[in-house]
Amino acid sequence: MTLIDPTESRPTPIDHALVLNHVDDAVALLDRHQRLVLFNPKLAEMWDLPPEWLQEKPALAEILDRLVQRQCWTTEQRDAVLGWCSPEEVDSRVMPIGQGNHVYLELYLTATSKGGRLLILRDRTAHHRFEQQLADEVQRLRFLLGLTERLQSSENLQEIGEFALRYLVAAMGAAFGDVKVVSGQGNMRHAGTLTNLISGQFLATHGTPAIAEMQAMLNQGIPYGQGLLWEVVDTGKPLFVEDYANHPKAVDSFRNPAIGQLGIFPIPSADGTIIGVLTLESRSLQKLQEAPQQDMLLAACRTLGAAIERAQAQERLQRINQDLERASRLKSEFLASMSHELRTPLNSILGFSELLLRQADSLDDRKVKQVKTIHQSGQHLLELINDILDLSKVEAGKVELDLSTVSVQSLCRECLQMIHPRADLKRLALALELDYRIDRVTLDERRVRQMVINLLSNAVKFTPEKGRVKLSVSLSYGGELLKEYRPDDSPVNLSTPYLCIAVEDTGIGIEPAKQPLLFRPFQQIDSSLTRRHEGTGLGLALTKRLAELHGGTVSLESTVGQGSIFRIWLPLNELRDRDVPSEPTAEAAPTAFSATPKSSDTARVLVVEDHPYNQALITETLELEGFTVEMICDGITMLDTIHSELITPNTLPDVVLMDIQLPDIDGLQLIRQLKGHDLWRTVPVIAVTAMAMAGDRDRCLSAGADAYLSKPLDFDALNQILRQFLHDAD
């Protein structure tokens, strides 16, 4: 090799040794007989070989044999390199070599022009360690992610513990590990094993009998004060023991001289209380307290703590539920027994007092009055017993509704007749107000009658003499319910139609602060011993529960000194879904749309509405206003009608009342179809919808609607809009 000196006209020979001395990699040049010809000091340093010996130009096989003898190289690595240096091999090679002294090299081997070999050894230890750390970090993150996923998705604490322990034993180089859970209180605590893992190496070292003894101890649990783990539980700090067999606090079953270093790590709960421990037995030369995976191990312990805490909470909740079920069962059995025991003597009291009243001619006035008092008191006691039993049945979920189609108007008249004698005694005026739009509804007649009687009885009880009690029935919507005080906060759909039964009185009224107490069992406004009004306070609580069984609720308006209005809200959607056929009844069924010519005297309104109760309500209301109403019950039928060949200018309706929330095809699409049709585009369309949020009106008008009304419908406004459209058409 020559180097051209720019200051001279002829080449200058180069000192090869001088050049190699400044190379960072180890370099060795072999002749065609595989003997060392040239090397740099880095080679001697990297392989820890005497430079004097290398200067004797030993063969490559001798050099590699020395490395194998010192356990720096393996025989497989030596044979691979020697094979690459054979005369038959002419390709360049690259080989990673992990030496026994934790040095990682990259060997580059190239054939020379004279049949020799050039070996370049590059130290890749730092790079290898970085890659290993990166791989360890990826593995650690995968483990923590897997542990977190199992914590969120698995209810099996055993599975979570086994997953964590398998990884930790492998990552920490442990031969044995277990997870123990602490239970009990104070000095009565003990640590029971959740899961443990024993490697084959551990079995081979300790033998099967020793393992069986240790396993028996783990299965039994370790009482408080025995073993080193309680020091970790009390301090919350990890503990490392080098010679466990000779430690004074070691558990006898684990005193085995073959046990290596032990590490005991705390498993904390969310508030820092130690609820378990993780134990690892390490055979690695690296001590557990010096392992780089400490943060991962402690993170795993925290995750295990969360899993253990959740499992314990679920176990406590399960025990509480079992206790509640048992208490409920005992309460039901007690009530059933007491009902029998109370009704038997009560039957005699009522029976004999009634018999005496039938023989009133043989009694003087004073005795008749006394017998009447006995009979009235017995009747009151019977009502209290019935209320208690009904409420307990509802709370226990043992009441099922017996639904049937009932005339609400007739039911209310009967309830008012039943309460009439009691109202007469206080000279109260009774009134009944009915809504012509609603009568036959599907409900549990007996339970609704019970609710109405409860409200009427309270109204009569708390209304002074010569006062007024009114019972009313109306068809209302959820938007009106939002204005009322309710004892619950159940969600309300603004467009849901309700059967609203209200009882209004001119009684004493209720202070706002005391209103929440009314619907709780055994709660009364005046619970003092000198209160003027008798009762247990169960009537309103029972009414509320029975309304909720129907899918409804109750509400209250009250002003002190002026009176109260109690309302029962029963959703018609809910009741219809339970038992009512999906189609309207024959007596309320609206007329279907027909392509008949217009008559000269009445305006035709085509209503597109899928809700049977709304169909009936709109039909009856518009017909009272003198309109002819024709009905389409779904979007598909309306779409077919738009494109029907039977429709002519003379058969078109005067106005279309379009519900927006329709199945299959919504009203907005239908409005666009109407306004895009040559024949229908002249027909005014009124959008009717429960969508009353900001922007809903604009969306309807943008689709082509000529007017917009939100539910619940203001029929005065609807009538005014209809008249305006008809006037403009004229």
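Okay, a quick definition before we start: when I say helix or strand, I mean a DSSP run, at least four residues for a helix and at least two for a strand, numbered from the N terminus. And keep in mind that this is a predicted model.

With that in hand, let's go to Asp48. You'll find Asp48 in the loop between helix H2 (41-47) and helix H3 (51-55). What is its phi? It's near 55 degrees, a positive value in a residue other than glycine. As a reminder, most residues other than glycine have a negative phi. Asp48 is exposed, because its relative accessible area is 59% and the cut-off for exposed is over 50%.

There's another residue to put next to that, Lys466. Lys466 isn't a glycine either, and its phi is positive, about 65 degrees. Lys466 sits in the loop between H14 and E17. Buried or exposed? Lys466 is exposed, with 63% relative accessible area.

Next, a helix pair. Take H4, residues 60-69, and H5, residues 75-84: their axes come within 9 Å and cross at roughly 165 degrees. Angles over 145 degrees count as roughly antiparallel, so that's what we call H4 and H5. The crossing of H4 and H5 is right-handed. While we're in that part of the chain, have a look at Asp65, Arg78 and Asp79, which are linked in a network of salt bridges.

Right, on to salt bridges in general. How many are there in the whole structure? The search finds 17. I'll walk you through a few.

Start with Asp234 and Arg189, where the closest N and O atoms are 3.7 Å apart. Asp234 belongs to helix H10 (residues 229-235), while Arg189 is in the loop between strand E8 (174-183) and strand E9 (190-198), so this salt bridge ties together parts that are 45 residues apart in sequence. As for accessibility, Asp234 is partly exposed at 47%, whereas Arg189 is buried at 19%. The cut-off for buried is under 20%.

Then there's Glu414 with Arg449, a salt bridge at 2.8 Å, N to O. Here two helices are involved: Glu414 is in H13 (residues 408-425) and Arg449 is in H14 (residues 445-462), with the pair linking distant parts of the chain, 35 residues apart. Glu414 is partly exposed, at 36% relative accessibility.

And here's one between strands. Lys470 and Glu433 form a salt bridge at 3.4 Å, N to O. Lys470 lies in strand E17 (residues 468-477) and Glu433 in strand E15 (residues 429-433), 37 residues apart. Which of the two is buried, Lys470 or Glu433? Lys470 is buried, with a relative accessible area of 14%. Glu433 comes out partly exposed, at 43%.

Back to helix H13 for a moment, since Val408 lies there too. Val408 counts as buried, at 3% relative accessibility. If you want a long-range pair to click on, try Val408 and Ile501: they're 93 residues apart along the chain, with their C-alpha atoms separated by 9.3 Å.

Last stop, the surface. Leu317, Ile320 and Leu324 form a nonpolar patch there, with about 290 Å² of accessible area together. Leu317 is in helix H11, residues 294-358. At 48% relative accessibility, Leu317 counts as partly exposed.

That's my tour. Any questions, shout.

Conventions: Residues numbered from 1 in each chain as written. Predicted model: local features only at pLDDT ≥ 70, side-chain atom pairs only at ≥ 80, totals over all residues. Heavy atoms only, no water. Salt bridge = Lys/Arg side-chain N within 4 Å of Asp/Glu carboxyl O. Buried < 20%, exposed > 50% of the residue type's maximum accessible area, 1.4 Å probe, protein only. Patch = residues over 30% accessible without salt bridge, like charges linked within 9 Å, V, L, I, M, F, W, Y side chains within 5 Å. Areas by Shrake-Rupley, 256 points an atom, 1.4 Å probe, with all protein chains shown as cover. Axes fitted to C-alpha atoms, helices over the stretch in contact; angles between N-to-C directions. Parallel < 35°, antiparallel > 145°, perpendicular 65-115°, else oblique. Left-handed = near helix turned anticlockwise from the far one by under 90°.
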